Every structure is written in structure tokens, then in C-alpha cells.
Amino acid sequence: MKTELKQILQQVSGIDGIPNGAYSFRINGISELHNNSENTEIVKKSDKPGIDVVVKPNTKGELVHIPTLIDHSGLNDLVYNDFFIGENSEIHIIAGCGIHNDGMHATQHSGIHTFYIGKNAKVKYEEKHYGQGQGTGNRIISPKTIIHLAEGSSLEIDSAQIDGVDYTKRLTEATIGDNASLTTKEVILTTANQTAYTDFRIELDGKNSSCSIVSRSVAKGESKQFFYSVINGNNQCQGHSACDAIIMDYATVKAVPDVTANHVDAQLIHEAAIGKIAGEQITKLMSLGLNYEEAEAEIVAAFLR
Amino acid sequence: MLEIKNLSFQVENGDDKQKEILDNINLSISSGSFVAITGPNGSGKSTLAKMIMGIEKPTEGQIFFNGEDITEKSIHQRAKAGIGFAFQQPVHFKGMKVIDLLSLAAGHKLDVEEACSYLSQVGLCAINYIFRELDNSLSGGEMKRIEIAMLAARDVNLYIFDEPEAGIDLWSFQNLIQVFKNLLTKTNGIIIVISHQERILEIADRIIVLEEGKIAKDGNSGEVLPHLMFGVEDCHFYGRRVNF
Ligand SMILES: Nc1ncnc2c1ncn2[C@@H]1O[C@H](COP(=O)(O)OP(=O)(O)OP(=O)(O)O)[C@@H](O)[C@H]1O
Ligand SMILES: [Mg+2]
């Protein structure tokens with residue numbers, strides 16, 4: 001693997017090369033490396049680009065890596081990945097997309113991920129987005145995630161986009177069954193002229209279903225961030241969304257909460273807080289011997305951790 | 001050595017009136033001493049501490065630290081020069097862990113053992129706290145103790161604690177006094193504790209009483225303590241009346 005690809009692999013997956021267990025690497029628009037494990041099968045789709053990740057029922061403690069790496073400037077990559085998680089399984093999936101763009105053309109990756117999570121299965125899904133490179137071409141990542149959570153199942157999504165991505169439009173749709181839960185935590189840093197949209201549409205259909213949608217973000221420079229979350233409580237359920245943003249320089253941050261209770265036992269909460277770094281936080285860290293810039297950097301880094 | 005000369009702080013008080021928060025303060029505190037500052041709410045104690053740390057700038061007067069005029073120096077320059085301050089109201093940081101703040105205070109990355117030693121001093125069962133976030137989930141008393149541990153982790157020669165006892169339970173209180181004594185032995189510098197607590201005032205080498213921005217009394221505890229009673233009538237400022 002080339003150095004640039006290795007760098008971005010390390011950034012998005014925390015690994016230096018081929019991992020153990022089941023994996024599938026998508027490099028410059030081509031599914032290149034696959035491996036199945038005893039309980040996890042990765043099947044290349046025949047009708048369109050992408051893979052099916054099929055996890056057998058009762059699988060415990062497997063780790064699946066599915067990184068997407070791009071260093072061809074100008075590539076426009078569209079991929080469909082479907083995840084079929086068997087009943088009672090517990091599995092950890094590390095996805096992520098890294099773009100290295102040294103060219104002048106826009107490089108784009110759009111991943112459409114659909115999760116079918118079986119009864120009582122527990123899934124943790126990590127997704128990091130990262131861009132680098134000296135080129136003038138934009139780095140664009142637009143994921144769409146569709147989630148079906150069966151009775152008693154849970155999905156925990158950790159997503160992070162720390163700089164380097166010029167434009168992102170992220171859509172997450174979920175239908176949540178009885179006693180099922182969805183937890184998402186996203187962390188976003190935008191700088192310069194970057195733009196990031198995130199959009200959640202959650203249907204709490206099941207009795208005692210729940211969701212927690214948490215976004216922490218920092219907008220610097222002249223960047224723009226838009227956070228939309230629609231939560232419909234259609235049964236006895238609990239929905240929580242929180243958007244917490246630090247705004248700096250000349251940035252724009254917009255948060256649009258939308259909660260609808262269609263059932264008398266739906267409990268829905270939305271919190272949104274946007275503001276600059278509190279002056280007393282800077283003062284506190286300066287009183288420990290940091291200068292202004294160091295204090296600001298520590299506060300931002302901690303906030304996005 | 002800390003020297004404060006003719007220090008005043010005035011603020012605009014609405015309709016063009018000046019309000020004197022600190023009024024011509026003169027003080028000299030030598031190294032190796034443990035000084036308590038007390039006085040009624042709003043008398044200017046925290047403001048004086050902030051002036052020394054550089055968080056507020058005086059309208060008049062000068063501050064000298066170890067012979068150097070620091071009046072125009074920034075907060076971080078004063079921190080580098082050896083001044084440390086534990087806030088009356090500790091600051092919350094989303095995402096920052098207790099061990100992160102202690103590391104920043106110590107000036108190097110602390111391992112778990114070192115971080116624990118600072119927290120244990122203030123009576124916190126360290127392992128339960130070092131990886132907690134400094135957000136609103138910590139109680140007032142917990143934040144307060146972490147603030148004290150933070151200052152104890154600093155290696156400075158002027159330590160200022162602003163009402164460290166507030167919200168702290170009795171068991172921790174014993175530890176607290178030990179923290180001051182240890183710091184004093186370790187640095188042979190200056191410990192200034194702003195306090196309303198009789199037991200802290202009793203062990204101080206010197207008590208300075210501020211009232212309405214002025215030094216009302218200044219002396220050793222034997223001289224000052226018996227006369228400590230603010231206001232008149234039924235103002236039980238220290239929880240009991242003192243006859244004199
Ligand atoms: N920047 C400011 N602008 C206006 N008023 C101020 C300012 N800073 C302090 N004050 C006022 O100055 C007075 C002294 O405040 P300070 O916080 O120093 O009191 P304190 O002695 O620490 O009181 P406490 O015992 O309640 O902590 C108060 O009346 C306060 O409202
Ligand atoms: Mg005060």
C-alpha cells in the first residue's frame with residue numbers, strides 16, 4: 001500500500017495494515033481485499049457497487065473493518081453496503097473514509113449503508129471521516145445510513161469528522177422497534193470554507209424504544225454547519241437529541257430540532273447550545289501557564305474528544 | 001514576597017457613578033507565610049485575588065512579585081512567574097477529564113498514580129474521579145475539591161485559594177488544612193486563603209480583614225480573631241457571637 005493510503009488508513013481505522021478477522025477494503029472505488037471470519041461473511045454485490053456484511057446469529061465479540069481509502073483525485077465513488085446482523089449477536093464494526101487529494105479535481109465518496117439489526121443484537125459502529133492532501137480539489141464525503149432495529153436490539157454509532165473534509169452531507173434514518181435503542185455521537189470540526197450538514201430522521205415506533213442523538217462540533221474560520229434532527233415518538237418511547245457547538249471566527253452554526261410526540265407516553269427532549277468558548281475557560285487555563293492560543297486549542301481538543 | 005501598593009479598582013455603577021470595589025490597598029506579604037483574607041460578602045476579596053492573578057486589571061496602583069512589577073503582565077505570564085489561583089467558582093469544561101486538567105496544572109502529562117495522589121489529598125477516592133469529565137455531572141463539592149487538587153499540582157510559590165472550604169464536608173476539611181501545610185513546607189512560598197472558616201483563620205499566621213474594599217484589620221490571629229464581627233445587631237457572621 002502506498003504511504004498516503006497507509007496514512008489515511010491509520011487515521012480512519014487506527015490500523016497500519018491488514019487486520020485480523022473479517023474485513024473489506026475499498027480502495028479508489030474498487031473492493032480489493034476481503035476476508036471472512038468464522039461467523040462474518042463479506043459478499044461482493046453483483047448488481048451494484050458494494051458489499052453485504054452478513055453476521056450469523058449468536059456471534060460474540062467480532063471486530064469487522066471496512067475502510068474506504070481514496071487517493072485518485074477526481075474520483076466520484078458511490079457504494080452500497082448492507083449489514084445483516086443475526087439475532088443475539090454482539091459485533092463491532094469500524095468503517096471510515098479517508099481521502100487524500102493532491103489534485104485539482106473534486107474527490108467524492110458517497111456511502112449508502114443499510115443496517116438490518118436482528119432481535120437482541122448489539123452493534124457498535126465507528127465511522128471516521130478524514131481528508132488530507134495539498135491539492136485544490138475538494139474532498140467531499142456524503143454518507144447515508146438507513147437503520148432498522150428489531151425488537152430488543154441496539155446500535156451505537158460513533159462518528160467523527162475532524163477537519164480536512166470540504167463538504168459533507170450526512171443523512172441518518174432509523175426505525176426503532178420494541179425495546180430497541182439507537183445511540184449516536186458525532187463529533188465535527190470544520191475550518192476554512194468547509195460545510196457540514198447532518199440530518200437525522202428517527203421513528204420511535206416500538207414500545208419502550210429509545211434514541212439519543214448527540215452532536216458536538218466546533219466551527220472555525222468561515223465554515224458552516226447545519227444540524228437537523230427529526231424525532232417522531234410514535235409509541236411509548238424516549239427520545240433525546242443534543243447539539244452542542246462552539247463557534248469561532250466568522251463561522252455559522254445552525255441547529256434545527258424537531259420533535260413530535262404522536263403518543264401520550266412519548267418523552268422527547270431536545271437541547272441545543274451554540275456559543276463561543278467561555279471566557280472563564282480561557283482564563284482558567286491561562287492561570288495554569290498556557291497562553292491564549294494554547295488554552296483555546298486545549299479547550300477545542302477536549303470538547304471534540 | 002508579594003507587595004501591593006495603592007491598589008484601587010473602580011467600576012462604572014450605572015448612572016455615571018463610580019463604585020470603589022478596592023480602595024487604596026497596601027500590603028506586603030513575605031515568603032513562608034500563611035495568610036488568611038476574610039471579610040463580608042462583597043467586600044472585595046475575590047477581586048483582590050483576581051488582581052494578583054491578572055484576571056482583573058486595577059484602575060490604580062501596582063503589584064510586585066518577588067521584586068518584579070507584574071502590574072502590566074498577563075495572566076499566563078504571572079502563572080509562569082509562579083502565581084497560582086484556585087477559583088471560588090470552579091470552571092466546567094465539556095470533554096476535559098480531571099486527569100487532563102491536573103496534567104495541564106502540573107505542566108506535564110501525569111500518570112494515573114500521580115494524578116491519584118493529588119486527588120487523594122483532598123479526600124477524593126481518586127480512581128473514581130480521574131477519568132470523569134469536568135462537566136455539570138460533578139457536584140459542587142467535587143468540583144471544589146478538584147480545583148484545590150489542581151492548584152496543589154502546580155509548582156508555584158504563591159498559592160491563592162478562594163474560599164476552598166465552601167461546600168466541603170468535615171472529613172475533607174481536615175485534609176484541606178493538611179494540603180495548605182504541605183504546600184507551605186514544600187515551597188516555602190506564600191499561601192493566601194480567602195475564607196470565612198474560623199478553623200482556617202485560627203491556623204493562619206496572619207489575618208487580613210477586608211471591608212468595603214479597604215483593609216479593616218491586619219494582624220496575627222490572636223489579635224484579629226477576637227474582634228471579628230461584621231455589622232451589628234444579629235449578624236452572626238461566623239456562626240456565633242463574639243464578645244469583646
Ligand atoms: N467587574 C465588576 N463590575 C462591577 N462590580 C463588580 C465587578 N467585580 C466585582 N464587583 C463587585 O465588587 C464587589 C466585591 O466583589 P468580590 O467578588 O470581590 O467580593 P467577595 O469579597 O469575594 O465576596 P464573597 O464573600 O461573596 O465571595 C461586589 O459588590 C461585586 O458585585
Ligand atoms: Mg469571593
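# Exercises on a predicted two-chain model

B:S46 counts as buried, at 18% relative accessibility. The cut-off for buried is under 20%, so B:S46 falls inside it. The structure is a predicted model. The exercises below start from this residue.

**Exercise 1. State which residues coordinate the magnesium ion (ligand 2), and locate them.**

Step 1. Find the donors. They are OG of B:S46 and OE1 of B:Q88, at 2.0 to 2.2 Å from the magnesium ion.

Step 2. Place them on the chain. B:S46 sits in helix 1 (residues 45–53) of chain B, and B:Q88 in the loop between strand 6 (83–86) and helix 3 (98–106) of that chain. The two are 42 residues apart, so the pair links distant parts of chain B.

Step 3. Check the accessibility of the second donor. B:Q88 has a relative accessible area of 31% and is partly exposed.

**Exercise 2. Determine how many disulfides there are over all chains, and test A:C211.**

Step 1. Count. The total over all chains is zero disulfides.

Step 2. Test A:C211. Its nearest cysteine sulfur belongs to A:C237, 7.8 Å away. A disulfide needs the sulfur atoms within 2.5 Å, so A:C211 is in none.

Step 3. Add the accessibility. A:C211 is buried, at a relative accessible area of 4%. A:C97 is buried too, at 2%.

**Exercise 3. Describe the interface of chain A and chain B: how much area is buried, and which residues supply it?**

Step 1. Take the area. About 1,800 Å² is buried between chain A and chain B, and carbon and sulfur atoms give 65% of that.

Step 2. Find the main contributors. A:K284, A:S287 and A:L288 supply 33% of the area that chain A buries against chain B, more than any other three residues.

Step 3. Count contacts. On chain A, 18 residues are in contact with 23 residues of chain B.

Step 4. Turn to charge and polarity. There are four salt bridges between chain A and chain B. One joins the side chains of B:K94 and A:D244, at 2.4 Å from N to O. Seven residue pairs are in polar contact across the interface.

Step 5. Assign elements. Helix 2 (279–286) and helix 3 (292–303) of chain A each give two or more residues to the side that touches chain B. Helix 2 of chain A has the largest share, six residues.

**Exercise 4. Trace salt bridges within chain A: which parts of the chain do A:K45 and A:D82 link?**

Step 1. Start from the total. The whole structure holds 18 salt bridges over all chains.

Step 2. Take A:K45 and A:D82. Their closest N and O atoms are 2.8 Å apart. A:K45 lies in the loop between strand 3 (40–44) and strand 4 (50–55), A:D82 in strand 7 (residues 76–85), 37 residues apart. Both residues are buried.

Step 3. Take A:K60 and A:E90, paired at 3.8 Å from N to O. They link strand 5 (residues 60–65) and strand 8 (residues 90–94) of chain A. A:E90 is partly exposed, at 36%.

Step 4. Take A:K124 and A:D158, paired at 3.2 Å. They link strand 11 (residues 122–132) and strand 14 (residues 154–162) of chain A, 34 residues apart. A:K124 is partly exposed at 24%, and A:D158 is partly exposed at 26%.

Step 5. Look for shared partners. Salt bridges join A:K45, A:D52 and A:D82 into one network.

Terms used. Residues numbered from 1 in each chain as written. Chains lettered and ligands numbered in written order. Predicted model: local features only at pLDDT ≥ 70, side-chain atom pairs only at ≥ 80, totals over all residues. Heavy atoms only, no water. Donors = N, O, S within 2.8 Å, 3.2 Å for Na, K, Ca; no water. Helix = DSSP H or I, 4+ residues; strand = E, 2+ residues; numbered from the N terminus. Buried < 20%, exposed > 50% of the residue type's maximum accessible area, 1.4 Å probe, protein only. Contact = heavy atoms within 4.5 Å. Buried area = accessible area lost by both parts, 1.4 Å probe. Polar contact = N/O pair within 3.5 Å; in protein donor to acceptor, adjacent residues only side chain to side chain.
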